[in-house]
Amino acid sequence: MLTSSTGPESRPPTQLTPVSPRKLGILLASLPLLFSIVFAQDLTQGTPSSQTSPRVDFETSVRPILSGKCHRCHGSELQLGGLRLDQRKAALSGGYSGLVILPGESAQSKLIQLVSGEIKGKLMPLDGPRLTPAEVALLRLWIDQGADWPETALSAEAASTEEAPRRQTHWSLRPPERPELPHVMLRSWVRNPIDTFVLERLESEGTTPSPEAARSTLIRRLYLDLIGLPPPPEALEAFLADHRPDAYERLVTHLLSSSHYGEKWARHWLDLARYADSDGYNDGPRPHAWRYRHWVIQALNGNLPFDQFTIQQMAGDLLPDATVEQRVATGFHRNTLTQRETGTDREEFRVKQIVDRANTVGAVWLGLTVGCAQCHDHKYDPITQKEYYRLYAFFNGDKEVNIEAPLPGEMGPYLQQSPEYQRRRRELLDQYPALALQPQWEARLLEAASTSEVDLIWTLAWRKVGWLFDGGQEILRLDPSQRTQKQKDQLSDYFVGAYNHVVDKGKYEELGLAKLKEELVKMRAEFPSLSEAQTLIPHSHPPTTHLHLRGDFRNPGIEVRPGTPAVLHPLLSQTAPTRLELAQWLVSKKNPLTARVTVNRMWQEFFGTGLVGTAGDFGVRGERPSHPKLLDWLATEFMSSGWNLKQMHRLIVESATYRQASKLRLDLQELDPANRLLARQTRLRLSAELIRDSVLAASNLLYPVVGGKSILPPLPKGLADLGHRFQGWEKSQGKDRYRRGLYVLAKRTAPYPQLMVFDAPDAQESCTRRERSTTALQALNLLNDPVFFEAAQALAIRLLQEESGDVQKRLEYGFQVCLAREPNSTETDRLLRYYEQQREILRQEPASIAKVLPLELIDKTDPASAAAWVGVSSVLLNLEEFITRE
Amino acid sequence: MNLQEFKQIQTRRHFLERCAGGLGMAALWNLLAQEGLAGRLQTELAQVNPLHPRAPHFPATAKNVIFLFMAGAPSQVDLFDPKPELKKWEGLPLPPSMTKDLKLAFIKPTAEIWASQREFRRYGECGMEFSDLLPHTAKCADDICMIRSMYTDQFNHHPGQLMFSCGAPLAGRPAMGSWITYGLGSESQNLPGFVVLSSGDPTHSGSKAWSNGFLPSSYQGVPFRSGGDPVLYLSNPEGISENSQRARLDVLRDLNQERFADAGDIEIASRIASYELAFRMQSAAPELLDLSQEPQEIQNLYGVNNQPDSYATARKTNSNQFAINCLLARRMVERGVRFVQVTHSSWDDHTELNKRLKSNCEMTDQPTAALLKDLKQRGLLEDTLVIWGGEFGRTPMVERSKVGAGDTRGRDHHPFAFTLWMAGGGIRGGQIVGQTDELGLNIQKDKIHVHDLHATILHCLGLDHEQLTYRYQGRDFRLTDVAGKVVHQLLV
């Protein structure tokens, strides 16, 4: 006891304290004895009577216990569980699990329950000496006497430090200030303000920028970075011949207005939005997910300002007179995983979705790892667990719905054919007498829903409605007369498919329902339908939100209301803020993070690494910016441009910094091995999707239609077995097979192999930065994947058809198509030698010629020579340079 | 090598992997100037190669792992943990005191008790009990350490399987095999360090059970498939002979080297090396898969040519695939593959338990025992850790969720107490660890959480589960999250 009161965790009382430390020790040491004499009887039972006892003085008797045994975890430094016991107001308002001191009711006070060990497995303090029985008794008595905690000077002092607003010392939490442009020596190099900041740093390090890259490199770089496709030879030729001083800027304008721009930058956004075409977990299909992707592409092509882009995705449904497109945008939140595995607790997975929504907002807009505060206060950043659940609360009152979201041209034919569809549907259903079983089925399901003592089979069938049929339980509960036609159709469709939950397989087939299910699908395919989209609507009776103690939803703590972290700027409306207010708060010009985090990710796309290397973590544990003033300049520029994405992209690519050569420099090896000073550009391996796109573009196979549904390229046999429930996806036919990588079906548990081996994210959670790995599986993929081999064949045909000159001319053309440059003499010689060698091998293996290049595709050319071009083409498409942005 | 040195190397590797250029480039640049490309480049590339073998934190008792993952959750009541008491209570619900907080996936806590219909006998010198469905595995009793006190916090398949294979119920975390190859690299220069073999039905967790998560994709599990190319895109396109492929790779190497000389980016050298490894894999993998190299008696030991049992055939399952996979697992370990994940699915016997359990055991019992015997006779069991188990167990109560004729009874998911066994690689065989209550509902002694299992597996490999970390989104992640204790009781 003596030791604990003078231990390191107890603070020496100030001069105002009436008891000296020494005296305090003696007093505490003598307490057990004192009390054991006076209250021996009561103490053993732990219930001293408050009436008969002398009054407990807080300062002399209670505070020493609290400071000796509690303040280490619940004091000014740490407030574990949100509890602070060194200050009156805080202590009496309790912690995350609620009040801990109930004046007058010691038995009900959690403080007593915890220090006395009454709650099994929970004895406080967690480490260090426990409270002695006498100390517990003293606390009990103090509480029973009313927990009187006088406002002394000591408490006042503690209060003043507590109440002071948390100082925003971390750089990213202070608002960006527009910096002055620095003075630089090499002014001739500067093309725009970006360069002055970069150059200032280079000059202070005593080095110089790299020369501008070759024009052929620049056009390929611009094409890949802005639209994600390599430049066609005609564009290359035109650019090289364009000697106007603003040829480069004209090219930028041209590319920014290309409809492929939206595709390139949509993919980047979809990483953040954890977009996929399946549910995750046991991974059923999401046939409407693409509609959100379609919106992203259109929004980026239309250069929707980033604040609007944000608001519509965060809360498009809450905008006054929300348009269909604005509601489609809110599908952003629907990209969370959905658990449909039967037997799961639906609430558990609803909570997981909301956690993911809160974490995603943190990562994408704030660049903060807010999710770390899900189970306890953030260990490094100024976000408490309570604040985390206040952010969570914004999303707790939503319902998931699908809406009709027709694309232009869909509505007319749909309306026209709708009566005929209903007629045919009725006709079909009438042929199946088993449909008469539906009312009885409905009744038994409802019975199972309301009582617990029925057959397990029906209970499970009712629960399955919840897992498998969104909104199904609500429809079932509606009186049939109140159901819309669509709801009626949905319910009977579900009945037809799900009746086998309650009868055995033989009976189900005998009733013909399996066949009817097929017929319904077939018939529906004959009629025009409206595209649908996934979105959110606010719940009519939103549940109250509680903090989850230790992050466990089954362990609710105090109630919390929607709100934002105190360390950041305040919300406009404090009363009952909605998602819409949260969205407006995110893109408020007072927000120090959103603009910085967004321009940093742009920088990452153009230079490989952001000015802050940890794009998803601007917190204390994240990297500090390499060029703080440049980051702030870009952030303020972004906001004052009206959040104009294209304008920012233009600014960056028109800078001299961006235009530098990427070649490694010996003189920089020691100074700046990671190229953070930006004395050169960085060579970047293309992303998974851009590798596919480049291969398809170079081989002229690319089907460049923009937007629309997902596609599934041919898959190797047996692959589908690796994931659960791959059924239901049909392989794309015709030209759809050759669409860009961002349209490839994103099946969470069975990702498309080419995308997976080249580091595409798995869409489990928001991805702010992709890895770039180099593996043997990538080599096998590029060498042997039939998709890529077909591209090599197509490229060979392209070279044969478009360049009728000699072998060397064709080689040069191939280099232009694939690398946007001329080969040097070593390269030409080596490829010519390979071409000869390949032709020789094929002549010796004549049977393989037709396999390498189907003969019907060849016109006039000698078959072995033609087929040798497939080899050359495959080599070009496998070159490290081909999959690299120089 | 001490921990500090290990960390330095990790950092250096990390650096080289991520940065085009990097410190290694400076060194390389000088070397190139002095000696040209040959020789030293290989050394430098070995450092860049994320799978280059690395020393453990402390001396290991196991070098390799064969993880026999019985996805779907086999019934411990019917295989490993006999509960004769259940017969007394057959047909009765559990007392309300035991079901107060019981939460189950499908059945109600009041479902009636259903005693196992299996016969149990004692085997080996240790007298370990096994059910009559596992006559072969039973004969390895003295090599097996049976844990009857496993538990997990997940009672659904997808999160449960992820918890079991990746240490967290969420997808997107690295699998055990990824962590281990990240920690130790791989001895094999021609094969992936982490290989996945599957038989039976598709699993709930799919590729997430062998995902590299946030680790670099070099540590991804590589599935070897039963049909088509064993590794995706392993064989040359049609019409491309080996000669032709070699010529293609030679010209690629020369052109990439030409580029390397000009641009000087180590990433190009790394790409060249990846193509060479791919080429070696193209010949090593088919050699590995060629089971005709194995003598007949070995093939028979595993039962690779056994006739499919009729129930499995009806379910369109390749009933000898697990046997083939076990034999392949041994061949992989021999060739230096670090971690082989052999999944057999599905043991999810909600219905028709007796019929389905028999079928699964017929497919897996003999090959499992053969693997242990074969590893042992070759001296490989000493440093190969073998783990057999599913994501949770099954209830001692009955589930009646299927309409139909015959015995359709099954058991529901049971995360509170289940059985798993381990052998080899520093595990003390011939012992039973843990004990459940007389109904098999709860653990009475030596509770072992999945995190503890993972900590122990890493320990056998010489890895400290608290030190094997990876920084991602501002946090140092571990296979064992913030939990896990090495269970020394299991070890020799």
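Student: What makes a residue of chain B count as buried, and what share of chain B does so?

Tutor: A residue is buried if 20 or more other C-beta atoms lie within 10 Å of its own. In this predicted model, 58% of the 492 residues of chain B meet that cut-off. Chain B has 16 helices and 17 strands.

Student: What makes helix α16 of chain B largely enclosed?

Tutor: Helix α16 (residues 450-460) of chain B has 11 of its 11 residues buried, so the rest of the structure largely encloses it. Among the buried residues of α16(B) are B:V450, B:H454 and B:C460. The cover over them includes β1 (64-71), α8 (157-166), α9 (176-184), β8 (384-389) and β15 (448-449) of chain B. Just after α16(B) comes B:G462, with a positive phi of about 80°.

Student: Why is B:Y233 called buried or exposed?

Tutor: B:Y233 has 27 other C-beta atoms within 10 Å. The cut-off for buried is 20 or more, so B:Y233 is buried. B:Y233 sits in the loop between β6 (222-224) and α10 (242-263) of chain B. Its phi is positive, about 60°, although B:Y233 is not a glycine.

Student: And why is B:P95 called buried or exposed?

Tutor: B:P95 has 10 other C-beta atoms within 10 Å. The cut-off for exposed is 12 or fewer, so B:P95 is exposed. B:P95 belongs to the loop between α5 (85-89) and α6 (96-99) of chain B. From B:P95 to B:L255 there are 160 residues in sequence and 76 Å in space, C-alpha to C-alpha.

Student: What about B:E352, and how do you know its class?

Tutor: B:E352 has 18 C-beta neighbours inside 10 Å. A residue in between the exposed limit of 12 and the buried limit of 20 is partly exposed, so that is the class of B:E352. B:E352 lies in the loop between β7 and α15 of chain B. Phi of B:E352 is near 50°, a positive value in a residue other than glycine. B:S346 is in the loop between β7 (339-345) and α15 (353-377) of chain B, and a cis peptide bond with omega of about 15° joins B:S345 and B:S346.

Student: Which class does A:S531 fall in, and why?

Tutor: A:S531 has 19 other C-beta atoms within 10 Å. Buried needs 20 or more, so A:S531 is partly exposed. A:S531 is placed in the loop between α26 and β2 (532-538) of chain A. Not counting residues up to four places away in sequence, A:S531 touches A:R291, A:A405, A:P406, A:L407 and A:E410.

Student: Why are α24 and α26 of chain A called oblique?

Tutor: The axes of α24 (residues 485-498) and α26 (residues 513-526) of chain A come within 8 Å and cross at roughly 135°. Over 145 degrees would be roughly antiparallel, and 65 to 115 roughly perpendicular. The angle fits neither range, so α24(A) and α26(A) are oblique. The crossing of α24(A) past α26(A) is left-handed. Residues making the contact include A:D493 and A:V496 of α24(A) and A:L516 and A:L520 of α26(A). By class, the contact has four nonpolar, one polar and two charged residues.

Student: How do you know that α14 and α15 of chain A are also oblique?

Tutor: Helices α14 (residues 259-272) and α15 (residues 290-301) of chain A pack at about 125°, with their axes 8 Å apart. That angle is above the perpendicular range, which ends at 115, and below the antiparallel limit of 145, so the pair is oblique. α14(A) passes α15(A) in a right-handed crossing. Contact residues include A:W265 and A:W269 of α14(A) and A:V296 and A:I297 of α15(A).

Student: How many residues of chain A are in contact with chain B?

Tutor: There are 80 residues of chain A in contact with 75 residues of chain B. By class, the side of chain A has 29 nonpolar, 30 polar and 21 charged residues.

Student: What is the confidence in chain A, and where is pLDDT below 50?

Tutor: Chain A has a mean pLDDT of 88, and 90% of its residues reach 70 or more. Over residues 1-48 of chain A the pLDDT is below 50. The pLDDT also stays under 50 over residues 156-165 of chain A.

Key. Residues numbered from 1 in each chain as written. Chains lettered and ligands numbered in written order. Predicted model: local features only at pLDDT ≥ 70, side-chain atom pairs only at ≥ 80, totals over all residues. pLDDT = per-residue confidence, 0-100. Contact = placed C-beta atoms within 7 Å. Axes fitted to C-alpha atoms, helices over the stretch in contact; angles between N-to-C directions. Helix = DSSP H or I, 4+ residues; strand = E, 2+ residues; numbered from the N terminus. Parallel < 35°, antiparallel > 145°, perpendicular 65-115°, else oblique. Left-handed = near helix turned anticlockwise from the far one by under 90°. Nonpolar A, V, L, I, M, F, W, Y, C, P; charged D, E, K, R; others polar.
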